[in-house]
Amino acid sequence: MCAMVSSSAIAQTLDSVITFNNGVLKNKWTASNRFRIQKLDSVSAYSNGGFEKKWKTSSCRIVMAAVAPITPRDVMKGKPLRKTGNNVGGNGKDTRTWPSQQQIETIRSLDSWAEEAILPLLKPVEKCWQPQDLLPNSSTDTFMDEVLELKQRASHLPDDYLVCLVGDMITEEALPTYQSVFNTFEGVRDTTGASPTPWGVWVRAWTAEENRHGDLLSRYLYLSGRVDMKMVEKTTQYLIGAGMEAHIDNSPYNGFIYTSFQERATFISHGNTARLAKEHGDSQLATICGMIASDERRHEIAYTRIVSKLFEVDPNGAMLAFAEMMRKKITMPAHLMFDGENSNLFEDYATVAQRCKVYTAKDYTDIMEHLIGVWKVEKLRDLSSEALQAQQFVCSLPSRMRKLSERAHDRVNNCSTQAEQRNKAFSWIFHKPVML
């Protein structure tokens, strides 16, 4: 699982004020009970057995809540873990929309259906490709020659493409976080670590399939000699240590909408890196990225099928969940990316990916439109008044966001002077500068 598009690249939610900065859409969040503008410098206080932060109002950074979540910078400095408060509103009340008992019961009633409709989308291990199938074999006499050929092909890859490829790889390598998040979904979590339920079987086998993606890309990049593997590996460790905040609120409905969106995004991203690798003359890397994209497409089918079933058995609940996730926005898995140096690493990486057309704000809107079509959202009838409002909100979003995306794209294209262009050094490629 991967995919990226910065929060500054997507205009979303009704209570945000859209502004343009350097050709990229940025959100300036209005004061609300879900968001506060907070400063990194803070005073620690011990409360209720955990460390809490009393944050000063500032224009420095936007995060959710009165108690800051653990950040990569905290991990770097060895600070103790503390209870996160990014679900606490300005009035001190929990703002999470916990799954209703009806949601949980609905999901549990689908066990037999999941076994018949979802588990067959998993591939038997013996029929799966493995990283070794696509890389030089170190046990053969031709290994060194094959590595030299790989390095020769990789030598033609542009630096900005490598930034995108490394970012994708690091996102895939943070797989332990994604399995942990999946196990927060009420009604489907693997409660024992080896649960025989269809949901437990799925999440473990899905994780096992996804695990090959990061392994394959990491080994390729190592053999290519084009990247600083120590900085890449540090970034991966920071990211896994920092985790992610998907704003799913333990809801299986929210969770499966999130994973449907993410798998589609990953399919698009890896498909684009495959296309670009072929254009740059590395046909083997194109095959590698294409194989990963194929896996992601199959996983997307599984998650969208689950949500389609939810729309069938509980259209009101599914509609409300879809609208909720669109209002919150789909947080990208690697949004806490950090390399020990650049605190804006994810934003910079996402900006490069946008410029290289690996994953863009337009793709985000296309995915939203795609899911609306797959789930036949516009054709839903006999909804409750609340669900009807949610339907109208969701169906109106793509056209609104597309207009904003086009305006941002036009602004980027109109940047005619060198002064309007910025370069950023990336530690992943030995601190070479790349245009943002």
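In the predicted model, a search of the whole structure identifies 18 salt bridges. One of these joins the side chains of Asp 159 and Arg 226, with an N to O distance of 3.1 Å. This pair connects distant parts of the chain, since Asp 159 belongs to helix α5 (residues 159-173) whereas Arg 226 lies in the loop between α7 (198-224) and α8 (229-242), 67 residues apart. Asp 159 is partly exposed, at a relative accessible area of 22%, while Arg 226 is buried, at 15%.

A further salt bridge is formed by Arg 212 and Asp 295, whose closest N and O atoms are 2.3 Å apart. Here too, distant parts of the chain are linked: Arg 212 is located in helix α7 and Asp 295 in helix α10 (residues 283-313), with their positions 83 residues apart in numbering. Both partners are buried, Arg 212 having a relative accessibility of 5% and Asp 295 one of 3%. Arg 212 and Asp 295 also take part in a network of salt bridges together with Glu 209 and Arg 298.

Within helix α9 (residues 252-279), Glu 279 and Arg 275 are 4 residues apart and are therefore separated by about one helical turn. These residues form a salt bridge in which the closest N and O atoms are 3.4 Å apart. Glu 279 is exposed, with a relative accessible area of 54%, and Arg 275 is partly exposed at 35%.

Strands β6 (residues 423-426) and β7 (residues 432-435) pair in the antiparallel sense over 4 bridges, with Ala 425 positioned opposite Pro 433 of β7. The two strands form a hairpin with 5 residues between them, and Phe 430 in the turn adopts a positive phi of about 60°.

Definitions and conventions:
Residues are numbered from 1 along each chain as its sequence is written. This is a predicted model: local features need pLDDT of at least 70, side-chain atom pairs count only at pLDDT 80 or more; totals for chains, interfaces and linings use all residues. Side-chain values use heavy atoms; hydrogens and water are left out. Two strands pair if DSSP finds at least two bridges between them. A salt bridge is a side-chain nitrogen of Lys or Arg within 4 Å of a carboxyl oxygen of Asp or Glu. Buried means under 20% relative accessible area, exposed over 50%, partly exposed in between (1.4 Å probe, protein chains only).
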